[in-house]
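Got the viewer open? Here's a short walk through the model, one selection at a time.

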Amino acid sequence: MTDLSHYRNIGIFAHVDAGKTTTTERILKLTGKIHKIGEVHDGAATTDFMDQEQERGITIQSAATSCEWNNHRLNIIDTPGHVDFTIEVYRSLKVLDGGVGVFCGSGGVEPQSETNWRYANDSEVARIIFVNKLDRLGADFYRVTKQVEDVLGANPLVMTLPIGTEDDFIGVVDLLTRKAWVWDDSGDPLKYEIQDVPADMADDVETWREQLIEKALEEDDEAMGKYLEGEEPDIDTIKACIRKGTIALNFFPTYCGSAFKNKGVQLVLNAVVDYLPCPTEVKPQPEVDPEGNPTGKFAEIDPDKPLRALAFKIMDDRFGALTFIRIYSGRLGKGTNVLNTFTGKTERIGRIVEMHAEERIELDSAQAGDIVAVLGMKNIQTGHTLCDPKFPATLEPMVFPDPVISIAISPKDKGGSEKMGVALNKMTQEDPSFRVETDEESGETILKGMGELHLDIKIDILKRTHGVEVEVGKPQVAYRETITKLVEDSYTHKKQSGGSGQFGKIDYTVEPGEPGSGYEFKSVVTGGNVPREFWPAVDKGFRLSMEQGVLAGFPCLDVKVTLVDGSFHAVDSSAIAFEIAAKGAYRQSIPKAGPQLIEPIMKVDVYTPEDHVGDVIGDLNRRRGMIKSQEAGVASVRIKADVPLSEMFGYIGDLRTMTSGRGQFSMEFSHYLPCPRNVADEVIKEVEERNAKK
């Protein structure tokens, strides 16, 4: 049996362009997994193996790889940084035990780093921080650690200090050992010397080392007591305290270097082994019942317990569907049968492989703590649980955000329709934030996603990977409807047509709910005027009706329905009669309740050089944006604003034009707000015209 204390399941995550993939390449080189380093900007990085990734120089899907360092097995997932692919980070964090947050030495804490950090906090993943690109112009390690405190509200524990800055960056000082690691100019990560601390840094090193020891020893009262009495703790004691504090998320060991120039990566690898948790040191995954409620049981990390595994990613390649799974307990062997608790079906495990980006190494079995891929599973989706058929259990599933943007597509030639259907089916299995719907009236295929880039890449994959040429319609915004007034009303459904009839009368109020509350239903009926068994039918009738608003057919949100009174007939009343009554009541009352169109508002983060701030703010105002804040950085200004999604199409092109190509932005869904009258009228008119054409 493998010793689980020698396992580290880690993810590398950061803002787009902070150097995650480059850092992963260096780790693979140092651990002997690859012999030639591939560069992102040449389109040759090992973990960026999709055509689209190589051309655009960005990571689109998370890639898994395994390697060895100091007799420890590292399972590494390199995740994307672009906001449209946050789903990949979210689902990777769900199955990881630790992470490396990479920050750019000059860019600092950028918008996407915040989102990823928040996800990691939600998943309670222990992390170390690597401040990268210290060889770049404007890089400042101390400024970035201050930003980590101020912007992320995190507690960085500085473990290394940089020697030199920008072009003069030559190495780092390890505060624990008081030794300087200095690399030569050859670019070979293995050509370094361990020297004494440069004389001009001696005072700084002592100051920072003292802070490091004091923070670390807060984890151990006994060691702290001895330290206060003047006894210096040994290195092993300090390391044990750092490990304890890191796993408890009290602080985050912080390192610095330049992955591109091969400086400082060894210390990060040592830190992964020394301070990040092994599978048995993290909280076990909670088990849930079929409705998703916690059962109070947990999947303990133990190879001898029944099998519990979570499918966190599905990838389709030339050999068929690959299902990535994280095994929490038990063992998985080739040829064994496993139960998928979501579908209730058992499947046979064909081949088990360990992934190294695109390559695969065949395995006979895997056990608790492993991250492996399984070939040939038929009916499985992201978030499904695989378990021992004799001991069924469901692990806590993943929750995915709703798409905010949609486009209509149609195949260019008649024969492409079936091919397109098969391709889209595979793509939705791979990416749960990508949805495909068919408009029943027009027969159009609607793609829904997290942003323009997300859908742009899906169209590209359709064309290249699946050979389907499509015509793309104008992007559509996911508008919603709500109400603004309270209405008290009554509705009677009565139908008599020989034999037993239908009867249901309800008295009710419809009122605006809290923003973000969706749909709420409650009954205050007393005295049995509407028997309790019919309440769910009334609820169902209203809930189903909410899917189509009265203004333009968009779903209706933030509505509270209260069943006040009513009456029933001993023979003619039934659940279906009350459900029909509720549907009629919805059609009758919502138009009286001041219906209103509401639109998705995006949280937009723009980085722009100082000399273009006026133009950028003016442009955001023209897009009906609300400027929330401005923060001046070293080389750029960060502007935060809330802007309606409908005004943000094509924004990246306009921003680049305004800022001579230097501006960048990210956005994510924030909330819904009422549309101005003129916009609402325009949207309703468009919908009516579309419906008239049908």
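Among contacts between residues at least 6 apart in sequence, what percentage join residues at least 24 apart? It's 71%, and keep in mind that this is a predicted model.

Start with the whole chain in cartoon. You should find 16 helices and 38 strands. Colour by burial, and 54% of the 694 residues count as buried.

Next, select residues 202-217, helix α6, together with residues 235-247, helix α8. Their axes lie 8 Å apart and the helices pack at an angle of about 60 degrees. That angle falls outside the 65 to 115 range for roughly perpendicular, so α6 and α8 are oblique to each other. Look down on the pair and check the handedness: the crossing of α6 and α8 is left-handed.

Now show side chains at this contact. From α6, pick R209, L212, I213, A216 and L217; facing them in α8 are I235, I238, C241 and I242. The contact residues comprise eight nonpolar, no polar and one charged.

Keep I242 on screen and move to the largest nonpolar core, which has 69 residues. I242 is among those touching the most other members, along with L74, V100, F103, W117, M159 and Y255. Add helix α9, residues 265-275: this helix gives the core its largest share, eight residues.

Centre on M159 next. Beyond its neighbours within four places in sequence, M159 contacts residues including L212, I242, Y255 and Y275. V173, D174, L175, L176, P253 and T254 are also among its contacts.

Last stop: select I407, L453, F554 and V643. These belong to another core, of 45 residues, that lies apart from the largest one.

Key
Residues numbered from 1 in each chain as written. Predicted model: local features only at pLDDT ≥ 70, side-chain atom pairs only at ≥ 80, totals over all residues. Heavy atoms only, no water. Axes fitted to C-alpha atoms, helices over the stretch in contact; angles between N-to-C directions. Helix = DSSP H or I, 4+ residues; strand = E, 2+ residues; numbered from the N terminus. Parallel < 35°, antiparallel > 145°, perpendicular 65-115°, else oblique. Left-handed = near helix turned anticlockwise from the far one by under 90°. Contact = heavy atoms within 4.5 Å. Nonpolar A, V, L, I, M, F, W, Y, C, P; charged D, E, K, R; others polar. Core = buried A, V, L, I, M, F, W, Y, C linked by side-chain atoms within 4.5 Å. Buried < 20%, exposed > 50% of the residue type's maximum accessible area, 1.4 Å probe, protein only.
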